[in-house]
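Biologist: I am in my first year and still learning to read protein models. Could you take me on a close look at one strand and its surroundings, starting from the whole chain?

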Amino acid sequence: MSATGYIQVYAYTSRARIPLKNVAVTVTAADGTAIGMRLTDRNGKIDPIPVPVPNLSESQQPNPPELPFTQVNLLARLKDYATIESENLQVFANTTTDQNLEMVPLAELPDSWAQEEIFQTPAQNL
């Protein structure tokens, strides 16, 4: 892995997309190793987190022998909001992967609702 891709987050609440400040965002490798941690700014965004990825040439042919992207997991937390976990996000060389996070206030959740949402991203058929 000698190239770099990036992951960018936009955290907000409600369908009106009201930005949320100070959402703690952690990006980890598949083995749990931390890649980067950020807090969202007043616009609900973070500085992009660089991720080591395979070279761009690995994604230029059909059925590559190895995945042409790196899979990462993302965890987003903010007090009084449900935690969001996104698994297997795909980051490619020279590309920014955008992740929108609609944070749900805990006060709006019924008692039977989990306080953590987990989203699985299936691998792309390349």
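Modeller: Happy to! The protein chain has nine strands and zero helices, so reading along the sequence gives the pattern β-β-β-β-β-β-β-β-β. Please keep in mind that this is a predicted model. Buried residues account for 40% of the chain's 126 residues. The accessible surface comes to about 7600 Å², and carbon and sulfur atoms hold 49% of that. Now think about contacts between residues at least 6 apart in sequence: 60% of them join residues at least 24 apart.

Let's zoom in on strand β6, which covers residues 70-77. A good place to start is N73, which is found in this strand. Which residues does N73 touch, once its neighbours within four places in sequence are left aside? The list has T26, V27, T28, A29 and A30, and also S86, E87 and N88. With N88 there is a further detail to look for: a polar atom of the N73 side chain lies 2.9 Å from the backbone nitrogen of N88.

Next, try L74. Leaving aside its neighbours within four places in sequence, L74 is in contact with I7, V9, V25, T26, V27, I84, E85, S86, L89, Q99 and L101. Compare the two lists and you will find T26, V27 and S86 in contact with N73 and also with L74.

L74 brings us to the nonpolar interior. In soluble globular proteins, nonpolar side chains tend to be buried together. Here the largest nonpolar core has 23 residues, and those touching the most other members are I7, V23, V72, L74, A76, L101 and M103. Which elements give two or more residues to this core? They are β1 (3-13), β3 (24-29), β5, β6, β7 and β8. The most comes from β1, which gives four residues.

Now step to the loop between β5 (49-53) and β6, where F69 is located. A search of the whole structure finds two aromatic pairs. In the pair formed by F69 and F92, the ring centres are 5.1 Å apart and the planes meet at 55°, so this pair is tilted. F92 sits in the loop between β7 (83-91) and β8 (96-103), and the pair links distant parts of the chain, with the two positions 23 residues apart in numbering. Are these two rings buried or exposed? F69 is buried, with a relative accessible area of 4%, and F92 is buried too, at 17%.

The loop that holds F92 has another residue to look at, because N94 lies in the loop between β7 and β8 as well. Most residues other than glycine have a negative phi. N94, however, has a positive phi of about 55° although it is not a glycine. N94 is exposed, with a relative accessible area of 62%. You can find a second case at N22, in the loop between β2 (18-19) and β3. N22 has a positive phi of about 65° and is not a glycine either. Its relative accessible area is 41%, so N22 counts as partly exposed.

For one last stop, find the ring of Y10: the charged end of K45 sits over that ring, 5.9 Å from its centre. To retrace the tour, begin at N73 in strand β6, go on to L74 and its contacts, and finish with the tilted pair of F69 and F92.

Methods:
Residues are numbered from 1 along each chain as its sequence is written. This is a predicted model: local features need pLDDT of at least 70, side-chain atom pairs count only at pLDDT 80 or more; totals for chains, interfaces and linings use all residues. Side-chain values use heavy atoms; hydrogens and water are left out. A polar contact is a pair of N or O atoms within 3.5 Å; within protein, one must be able to donate a hydrogen and the other to accept it, and residues adjacent in sequence count only if both atoms are side-chain atoms. Contact means heavy atoms within 4.5 Å. Rings of Phe, Tyr and Trp (its six-membered ring) pair if their centres lie within 6.5 Å; planes under 30 degrees apart count as stacked, over 60 as edge-to-face and the rest as tilted. Buried means under 20% relative accessible area, exposed over 50%, partly exposed in between (1.4 Å probe, protein chains only). A charge sits over a ring if NZ of Lys or CZ of Arg is within 6 Å of the ring centre and within 35 degrees of the ring normal. A nonpolar core is a set of buried Ala, Val, Leu, Ile, Met, Phe, Trp, Tyr and Cys residues joined through side-chain atoms within 4.5 Å. Accessible areas come from the Shrake-Rupley method with a 1.4 Å probe; for residues, only the protein chains shown count as cover.
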